[in-house]
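Reader: Could you zoom in on one part of this and walk me through how the pieces there fit together? I'm fussy about criteria, so please give me the cut-offs as you go.

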Amino acid sequence: MNKKQLWKVLSSAALAASILVPQVGFAEGAKPITEETPSVKGYIDYEELKQRLSQIEKASNGLVQVESAGKTNQGRDIFSARVGQGDKVVLVQSEIHGNEKTGTEALLNILQYLGSSQSPEAKKIREELTIVAIPMMNADGSELDRRGNVMSWEEVVEDFPQLQNARPTWNYYNRTLQGDDYTSNPGFDVNRDFNPDLNYVPKPEDFPGNSSTAGWYITPEAQTVRDVYKSLKEEFGNVEVFMDLHHQNFYTVEGSDREVTMSISADFVPDPNTPRGAKYSQYADQFRFDFSRQLNVALYDAIQEKGNSIFTNITLYDQDLDLPGTALGAFSLNGSGIVIFEVKGQTQNFGQKMKGQLVKTVETGLMGVMNGVAEGSVYELNPEDYHEIPNRVRK
Ligand SMILES: [Zn+2]
């Protein structure tokens with residue numbers, strides 16, 4: 001986010017109360033003050049997630065395996081569902097922000113398809129890839145339809161007594177944010193709790209941190225995904241692709257008045273092979289910016305093929321970011337090609353409007369990437385084409 005954009009966010013009335021809190025860049029959009037909160041009942045909740053996963057697993061005759069990979073802070077299961085026997089791993093997660101819900105639906109639809117279809121496409125993907133999906137990874141936040149998880153700083157200190165004199169992290173929510181009151185029920189932005197050092201143990205001197213320092217794996221949700229990532233890395237040598245499914249605010253496609261349906265990106269930390277990324281030089285050999293860009297191009301091309309419709313209003317997300325505490329930043333430094341999906345509208349300002357089309361957009365993008373990796377065509381794409389994808393402009 002540039003300074004002008006940051007000022008626009010900071011100057012919006014709804015966020016004025018949180019102006020003293022740094023790094024509001026990702027906390028875009030507040031609940032409308034005068035209107036009812038838009039309904040999200042059309043989206044899957046945690047109970048439905050459990051039912052759907054178990055139905056998909058049963059119907060797949062062994063093709064889909066579902067297990068609990070860990071527990072949220074409130075004790076809900078964090079499920080991982082696996083399909084395919086290929087030697088390339090594609091890891092995808094949804095709802096690390098619990099008010100960003102299309103990804104969970106898209107993942108369930110894809111698991112159902114890959115677990116039951118005998119189409120050449122599904123067979124090819126099962127043959128070449130191992131897909132591991134972690135839908136609704138922040139189930140506690142999802143149940144409250146809010147961005148953060150549910151965890152107090154006191155609980156963190158219980159888990160990590162070495163932090164008893166440390167300051168709570170910069171991504172700790174204990175105020176009102178996006179219309180959600182965290183004062184009596186605080187939590188963390190789990191998507192700043194990752195660290196490229198997968199074996200990192202919290203040290204008091206690394207607190208409270210900021211957006212361009214790594215996270216700490218203090219939340220059980222981030223720990224669980226880190227553990228899944230590590231075990232896949234051990235089993236396969238590398239996690240080829242990592243994709244993270246989000247929502248953003250409202251933008252237009254640069255040079256037009258068309259509203260952006262989804263923004264995508266390959267860029268969450270500076271390339272360790274460049275001067276700007278020198279602080280990550282220990283990860284230089286395994287960093288694959290070209291491959292991440294190829295994945296994004298494959299996604300973009302797959303959606304453009306849908307023709308002239310809402311589906312084609314796709315842009316890049318903000319570029320030149322330095323966010324090593326995001327799952328995408330941390331895992332890209334560990335050798336994964338990455339894609340972020342940022343679908344328009346969070347539930348606090350968009351409810352479940354256009355749910356069908358938006359879920360379809362995410363599905364199309366995911367399938368585009370999976371097909372490209374399974375067929376090998378993605379490796380032939382020109383990474384520079386990534387920069388031909390238009391930028392987004394704040395409305
Ligand atoms: Zn998000």
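**The sheet and its surroundings**

Author: The protein chain has eleven helices and 14 strands; these are DSSP runs numbered from the N terminus, with helices being H or I of at least four residues and strands E of at least two. Keep in mind that this is a predicted model, where local features need pLDDT of at least 70, side-chain atom pairs count only at pLDDT 80 or more, and totals for chains, interfaces and linings use all residues. Residue numbers start from 1 along each chain, as its sequence is written.

Let's zoom in on the sheet. Eight strands make up an open sheet, ordered 1-2-4-3-9-13-11-12, with mixed pairing (two strands pair if DSSP finds at least two bridges between them). Strand 1 and strand 12 (314–316) sit at the edges with a single partner strand each, so one side of each has no neighbour in the sheet. From one strand to the next, the twist averages 20°; axes are lines fitted to C-alpha atoms, for helices over the stretch in contact, and angles run from 0 to 180 degrees between N-to-C directions.

At the strand 1 edge, strand 1 (residues 64–71) and strand 2 (residues 77–83) run antiparallel and are joined by seven bridges. In this pair, glutamate 67 faces serine 80 of strand 2, while glycine 70 is opposite isoleucine 78. The two strands form a hairpin with five residues between them, and in the turn glycine 75 has a positive phi of about 90°.

What lies across strand 12, at the other edge? That's helix 8 (residues 289–304), which also lies across strand 9 (241–248), strand 11 (262–265) and strand 13 (337–344), running at about 40° to strand 13. Contact here has a simple test: the C-beta atoms of two residues, placed from the backbone, lie within 7 Å.

For some helix packing, look at helix 3 (residues 102–116) and helix 11 (residues 355–375), whose axes come within 8 Å and cross at roughly 55°. On the helix 3 side, the contact includes Thr102, Gly103 and Ile110; on the helix 11 side, Leu358, Val362 and Met367 are among the residues involved. By class, that contact has seven nonpolar, three polar and two charged residues (Ala, Val, Leu, Ile, Met, Phe, Trp, Tyr, Cys and Pro count as nonpolar, Asp, Glu, Lys and Arg as charged, and the others, Gly among them, as polar).

To place all this in space, the C-alpha atoms of the protein chain fill a box of roughly 55 × 50 × 45 Å along the principal axes.
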